[in-house]
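Me: I would like to go through this structure by question and answer, beginning with the part that concerns a pair of charged side chains and then moving outward. Could you take me through the reasoning each time and finish on the value or name I ask for?

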Amino acid sequence: MSHKTMSVNRPFLPCSAVLLAGLLSGCIAVGPDYRSPETAMPAAWTQLSQTTGAWQVQDLSSWWQQLDDPRLSSLISEALQANLDLQAARSRLREARARRNVAAAGQVPEIGASGQAAFSETSDDTGGGSRESYRAGFDASWELDLFGRTRRTVEAAEADLEATEASLRDVQVSLIAEVATGYIELRTSQLRRTITQNNLTAQSETLQLVTWRAEAGLADRQEVVQALANREQTRAQMPRLETDIIQARHRLELLLGRQPGSLAERLDNVADLPTLPTRIGVGIPADTLRQRPDIVRAERTLAAETARLGVAEAARYPSFALSGSIGVEALRFAALTSSGAAAGSLIAGVSAPLFDGGRLRNQALIQDEIRHQAEIAYRHTILTALQEVENSLVALVRAEQRRTTLADAAAAAAEAAGLAQLRYRGGVIDFQAVLDTERTRLSIEDSLASSRAEALLALIGLYKALGGGWSTPTAASSDDEKLP
């Protein structure tokens, strides 16, 4: 490395400023300028034609309101304020913003103030006497960004900031979907418990009927124990359902940053599942590029790595620095204000790599491969997003078809169970037919409840895959207001 300095007296400072302006006018930024990769997107979703009641929308920021469940909306609002993962993501965003500001500070000179007072006294053997001196002034230093290293560093920091903000939005999207999923799972377990309890009541009545018939000599002991076994088998499902309910509530409490048991009073009251909306908001595939935070994050990461390639390239070029000072100095404090006390200096320095064994060249090659990997990750994220939307659409269609079929089956099974009871009372059929119809009714009703939940969970998965759950903040918002 070579380094050369030049000291210039104060009268030449205006000439140096002219020279500096000339140098800056020829500044370039080495490395590639970032351009977002062109990505081919399908014109429409392949599964959308099978989804009835779908319409094109642009705003999915509050998709859960379509479920028309005030309790769910309240839980989501609380989670957006209290969730610990979201708070950590906000902190990372503030950190990234500060790092961007640190990088931007490199574009302006560093200016400092200094003052000095010195006093010395020599011995009589060396002539004796005392000496004092005073100095005050301003110092400045600036590295000229002739090849764009600082500008590329700022570009990278800005892209990192935007990627971090997209990560925050991604956490928000996932959080809302998790709260909605947990709520649906809780209500599903409660509904299945209610169905099981109702069947348990009906089976107890059947057991009582068989017992009376046995006491009257119209039925044997086998029918009694069969009815008892059927009821107890149904009762055995209750502890598992209770466990599912409590665990689902605990998951919701964790998402809301609460201790276990804190939501028991609010959520233990049984409520039906939300009704699936008749119309579903689905945009075109190109909207996914704009809406999904993980795609935005991957694209901004690619932009940051492209800028860092410019930083690595600039390291192979010479660097120029200017430093200077202006102030006053005198041997007496009172003389600092005199016209002859003024002093100044300007130093220009240049350094350039001469031989490093290929280190800088290979560092640039490494960064180029990192940039290439980021581009691959970006394209993979897009394909994954398209797949998730298509999978969610087909899951929603099939779940709704299954729910409709099971609803018809449940109505038929309930009617069959009632007819079997009447025919058994009349002695037309044996007790085994009653048991079979009761088991069928319980199984179908339980499956119907699960299918309703599957359709709702598929809808939640669809809106999550579409990137719903956040909106672009307005330009007038402050930095703190932009945080969700």
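Me: Is Arg-231 buried or exposed, and at what relative accessibility?

Reply: The structure is a predicted model, and the value here is computed from its atoms. Residues count as buried under 20% relative accessible area. Arg-231 falls under that cut-off and therefore counts as buried, at a relative accessibility of 17%.

Me: Which residue forms a salt bridge with Arg-231, with the closest N and O atoms 3.0 Å apart?

Reply: The partner is partly exposed, with a relative accessible area of 32%, whereas Arg-231 counts as buried. The closest N and O atoms of the pair are 3.0 Å apart, and the residue that forms this salt bridge with Arg-231 is Glu-232.

Me: Glu-232 also meets Arg-235 in a salt bridge; what separates these two residues along helix α5?

Reply: The side chains of Glu-232 and Arg-235 meet at 3.1 Å, N to O, and Arg-235 counts as partly exposed at 36% relative accessibility. Both residues lie in helix α5, which covers residues 221-235, and they are 3 residues apart. Residues three or four places apart in an α-helix point the same way, because there are 3.6 residues a turn. The separation of Glu-232 and Arg-235 is therefore about one helical turn.

Me: In helix α11, which residue meets Arg-439 in a salt bridge?

Reply: Arg-439 counts as partly exposed at 37% relative accessibility, and its partner is partly exposed as well, with a relative accessible area of 36%. The two are 3 residues apart in helix α11, so they are separated by about one helical turn. The N to O distance is 4.0 Å, and the residue that meets Arg-439 is Asp-436.

Me: Which residues are joined into one network by salt bridges that share partners?

Reply: The pair just described, Arg-439 and Asp-436, is joined by a salt bridge, and the structure holds 31 salt bridges. Where salt bridges share partners, they join residues into one network, whose members are Asp-368, Arg-371, Glu-375 and Arg-379.

Me: Which residues does Thr-437 touch, not counting those up to four places away in sequence?

Reply: Thr-437 is found in helix α11, which covers residues 431-465. At 18% relative accessibility Thr-437 counts as buried. Leaving out residues up to four places away in sequence, the residues that Thr-437 touches are Ala-416, Ala-417 and Ala-420.

Me: Why are the buried residues of α2 on the same side of that helix?

Reply: Helix α2 covers residues 70-82, and its 13 residues should span 18 Å at 1.5 Å a residue, which agrees with the 18 Å between its end C-alpha atoms. Its buried residues are Leu-72, Ser-73, Leu-75, Ile-76, Ala-79 and Leu-80. They lie on the same side of α2 because the arc they cover around the axis is only 160°.

Me: Which helices do the buried residues of α2 pack against, and which residues are exposed on the other side?

Reply: The buried residues of α2 pack against α3 (84-105), α4 (149-215), α6 (237-255) and α7 (264-267). On the other side of α2, the exposed residues are Pro-70 and Gln-81.

Me: How far does α4 reach from its first C-alpha to its last, and which residue just after α4 takes a positive phi?

Reply: With 67 residues at 1.5 Å a residue, α4 is expected to span 99 Å, and its reach of 97 Å is close to that. Just after α4, a positive phi of about 80° is taken by Gly-217.

Me: How far apart are the C-alpha atoms of Gly-137 and Ile-326?

Reply: Gly-137 has its place in strand β4, residues 129-144, and counts as buried at 11% relative accessibility. The residues that Gly-137 touches include Ile-326 and Gly-327. Although Gly-137 and Ile-326 are 189 residues apart along the chain, the separation of their C-alpha atoms is 5.5 Å.

Me: Which residues make the nonpolar surface patch of about 340 Å²?

Reply: One member has its place in strand β3, residues 110-122, and is exposed, with a relative accessible area of 65%. The residues that make the patch are Ile-111, Phe-138 and Ile-326.

Methods. Residues are numbered from 1 along each chain as its sequence is written. This is a predicted model: local features need pLDDT of at least 70, side-chain atom pairs count only at pLDDT 80 or more; totals for chains, interfaces and linings use all residues. Side-chain values use heavy atoms; hydrogens and water are left out. Patches are made of residues with over 30% relative accessible area and no salt bridge: like charges are joined within 9 Å, nonpolar side chains (Val, Leu, Ile, Met, Phe, Trp, Tyr) within 5 Å. Accessible areas come from the Shrake-Rupley method with a 1.4 Å probe; for residues, only the protein chains shown count as cover. Helices (H or I, at least four residues) and strands (E, at least two) are DSSP runs, numbered from the N terminus. Buried means under 20% relative accessible area, exposed over 50%, partly exposed in between (1.4 Å probe, protein chains only). The expected span of a helix is 1.5 Å times one less than its number of residues. The arc is that of the directions from the helix axis to the C-beta atoms. Contact means heavy atoms within 4.5 Å.
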